[in-house]
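This report asks the reader to look at a single protein chain and to follow how its parts are arranged. Please keep the sequence and the three-dimensional view at hand while reading.

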Amino acid sequence: MKANKLFPIEKIASTLVLSACVGFIAPTAINATPVAEAAATVGLPDFTELVEKSGPAVVNIRTTEKVQLNQNGMSAEDEQMQEFFRRFFGTPMPTPKQQPTPKGRKTPQQQEEEVPRGVGSGFIISQDGYVLTNAHVVDGASEVYVKLTDKREFKAKVIGADRRTDVAVLKIDGSKLPRVTIGDSDKIKAGEWVIAIGSPFDLDNTVTAGIISAKARDTGDYLPLIQTDVAVNPGNSGGPLINMRGEVIGVNSQIYSRSGGYMGISFAIPIDEAMRVVEQLKSAGKVVRGYLGVERIDVTKEIADGLGLAKAQGAQIQRVMPGSPAEKAGIEPGDVIQKVNGIVIDKAVDLNRIVGDIKPGGKATVTVWRRGGVKDIVVTVAEADAEKAPVKTGKQKAEPASNVFGLTVTDLTEAQKRDAHVSGGVILEGAEGGAARAGLQAGDIITRIFNADIKDAKEFAAVMAKVDQKKPVLLLVKRGDVSKFVAVRPTNQ
C-alpha cells in the first residue's frame, strides 16, 4: 500500500509565496517595506500562557466495553468479518487455534473480552479529582480511564450523566491535582477569542483557536449553546472552551458536519449551565427537572399579527399531554404562554428551561394569551420524563363547505370529537390552493379562526365570510394529537 505523505506547512506556504511573487513581478521595482511594516503592526493573540496554565488540567478519556465471545472465541464483529471472507473470497478468515479449556475455567461461550470503545476529552474541576466531560463520551462504557498530561492514568468512576444536557461527571482518586478556573458564560461576547484543548483523533493536548460566533444558539431543549469557529473534531468532545483570561466558559460538545468532521461550526455547553448539572449529579447522581406536559413552537410574526399580540414572542402550545400538569390546570392547544412565574418566555425553547428549573411538586403561575386576552393559570409541576399516551383521531365524512382559501370542511361526528378530544370544530376533507401550500391535508381538524372558536361547519362558514379574503387567515389546526396555528393565504396569491 502506498503511504500517505505529510508536508510541512512552512514549505507549502513559502512555495506559494514565491510563485505569487514571480507571477506579479513588474518592470518597475516594488517597494516591499510598507507591506512589511503593515504586517508588523498587525497583532494576533498569543495563547501560550493560556495553554501552560490550563493544559495540565485537561485530560484524555478512553473507554472500553465488554463483548461476549461465542463458542469459537469470536465477537460479533469477528463473525461479520468471517462472513465477509466467506462471501468474497470463498474461504473462511483464519482464526486462532482453539486451546482446550482448563478445568475450572469458563468455557469460550461464557468468556468476555474488554475492547476499546472510544476516546474523548475532559477537564479536572477540583483538586480532589472530579472531572467534567460529555455524557456521550462515557455512554455505554464498561470502564472509563482518565490520562493526565504527565502520563498518569486513573480508572474513573462515573458519578452521573445527563443526556439532555450532555454533561457527565467522573471521579478519579487523587489529591492536589491540577484544575481549571471556571468562568462566567453569561459575560461572554460574540467576537471574542477562545481556545479549545482536547484529544481530536486521540491526539492528546491539541490546541485550536477561534472566536465566539454566537452566544445562545438554540439547538436543544434545555441549553442555549455557544457557537464558535474553533476547530473541534471527534475526540474533542468534553474538552474545555477557554477565554483569554484562562477561564473555562464552555464544554465542547457538538459540531455541524455533513462529513463527520469539522466544517467550520462547533458548539459548546455554557459552563454556568454545565456546573448547575454537575452539582445535581454530585449530590444525587441524576438531574431532576420540572415537567409541564406540552409541545410548543415559536410564535411567528404572522401568528402574532393574527392573534393580536404586540410582537412575535412566547411559546405557542401545539399539544397538551393527556393527564399532564398542563391538562389538569386547564392549559389548551392554541394558548400562547408568555410568562412563567413572571419570567418572560421569549422563544419556545425558553419554556422547557424555565419549567425544568422548578422543583417537582412546586406551583408555577403560567401567563397565557387566549382568545384575545391574558389569563393566569396555576400549575402544579411534576417530574420530567413521565410516559404519556398519544391521542388518536377518527375517520372523516360529512357535507362540505368551501371558500376562497382552498378549504373544504365538514362537521365532526360525536365519535370523531371523542377520539380527537375536542368539543367542536370542523374536519378538513380537501385542501387546494392556499390551504395545500400551507401544508394542510384531509383529516386535519380546525378548531379556531384567529381568536374565535369554531363549533361546526355552519359557524366556520359564517366566520370565514367576515375575514378579509385578501389577507392570510390564521387557523388553529389539530393533526393527530398536535395543534398549531397555520397561516393560510388566499388561493389567488
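The following paragraphs treat the nonpolar cores, a covered helix, a buried strand residue, charges over a ring, and two loop residues. The model is a predicted one.

**The nonpolar cores**

In soluble globular proteins, nonpolar side chains tend to be buried together. The largest nonpolar core here has 27 residues, and those touching the most other members are F123, I125, L132, V167 and I271. Two or more residues are given to this core by each of the strands β3 (130-133), β6 (167-171), β8 (193-198), β12 (247-255) and β13 (266-270), and by helix α6 (271-284). The largest share is that of α6, which supplies six residues. A second core, separate from this one, has 21 residues, including A315, I337, I345 and V366.

What does L132 contact, once its neighbours within four places in sequence are left aside? Its partners are G122, F123, I125, V167, A168, G238, V251, I271, A274, M275 and V278. Of these, F123, I125, V167 and I271 have already been named among the residues that touch the most other members of the largest core.

**Helix α9 and the arginine R296**

Helix α9 spans residues 348-356, and nine of its nine residues are buried. They are A348, V349, D350, L351, N352, R353, I354, V355 and G356. The list thus holds charged and polar residues, such as D350, N352 and R353, beside nonpolar ones, such as L351 and I354.

Two residues of this helix are reached by R296, a residue of strand β15 (residues 294-298). The side chain of R296 comes to 3.4 Å from the backbone oxygen of A348. The side chain of N352 is also a partner, in a polar contact of 3.5 Å with the side chain of R296. Is R296 itself buried or exposed? Its relative accessible area is 16%, and because the limit for a buried residue is under 20%, R296 counts as buried.

**The buried residue I445**

I445 belongs to strand β25 (residues 445-449). With a relative accessibility of 2%, I445 is buried. Its C-alpha lies 5.5 Å from that of V477, although 32 residues separate the two in sequence. Beyond its neighbours within four places in sequence, I445 is in contact with L412, A420, V426, I427, L476, V477 and K478.

**Charges over the ring of Y130**

Which residues place a charge over the ring of Y130? K171 lies over the face of Y130, at 5.5 Å from the ring centre. K282 has its charged end over the ring of Y130 as well, 4.3 Å from the centre. As for pairs between aromatic rings, the structure holds one.

**Two residues with positive phi**

Most residues other than glycine have a negative phi. K151 and H421 have a positive phi, and neither is a glycine. The table sets out their values.

| Residue | Phi | Loop | Relative accessible area |
|---|---|---|---|
| K151 | near 80° | between β4 (143-147) and β5 (153-162) | 63% |
| H421 | about 60° | between α10 (414-420) and β24 (426-431) | 59% |

Are these residues buried or exposed? K151 is exposed, because its relative accessible area of 63% passes the limit of over 50%. H421 is likewise exposed, at 59%.

Notes: Residues are numbered from 1 along each chain as its sequence is written. This is a predicted model: local features need pLDDT of at least 70, side-chain atom pairs count only at pLDDT 80 or more; totals for chains, interfaces and linings use all residues. Side-chain values use heavy atoms; hydrogens and water are left out. Buried means under 20% relative accessible area, exposed over 50%, partly exposed in between (1.4 Å probe, protein chains only). Helices (H or I, at least four residues) and strands (E, at least two) are DSSP runs, numbered from the N terminus. A polar contact is a pair of N or O atoms within 3.5 Å; within protein, one must be able to donate a hydrogen and the other to accept it, and residues adjacent in sequence count only if both atoms are side-chain atoms. A nonpolar core is a set of buried Ala, Val, Leu, Ile, Met, Phe, Trp, Tyr and Cys residues joined through side-chain atoms within 4.5 Å. Contact means heavy atoms within 4.5 Å. Rings of Phe, Tyr and Trp (its six-membered ring) pair if their centres lie within 6.5 Å; planes under 30 degrees apart count as stacked, over 60 as edge-to-face and the rest as tilted. A charge sits over a ring if NZ of Lys or CZ of Arg is within 6 Å of the ring centre and within 35 degrees of the ring normal.
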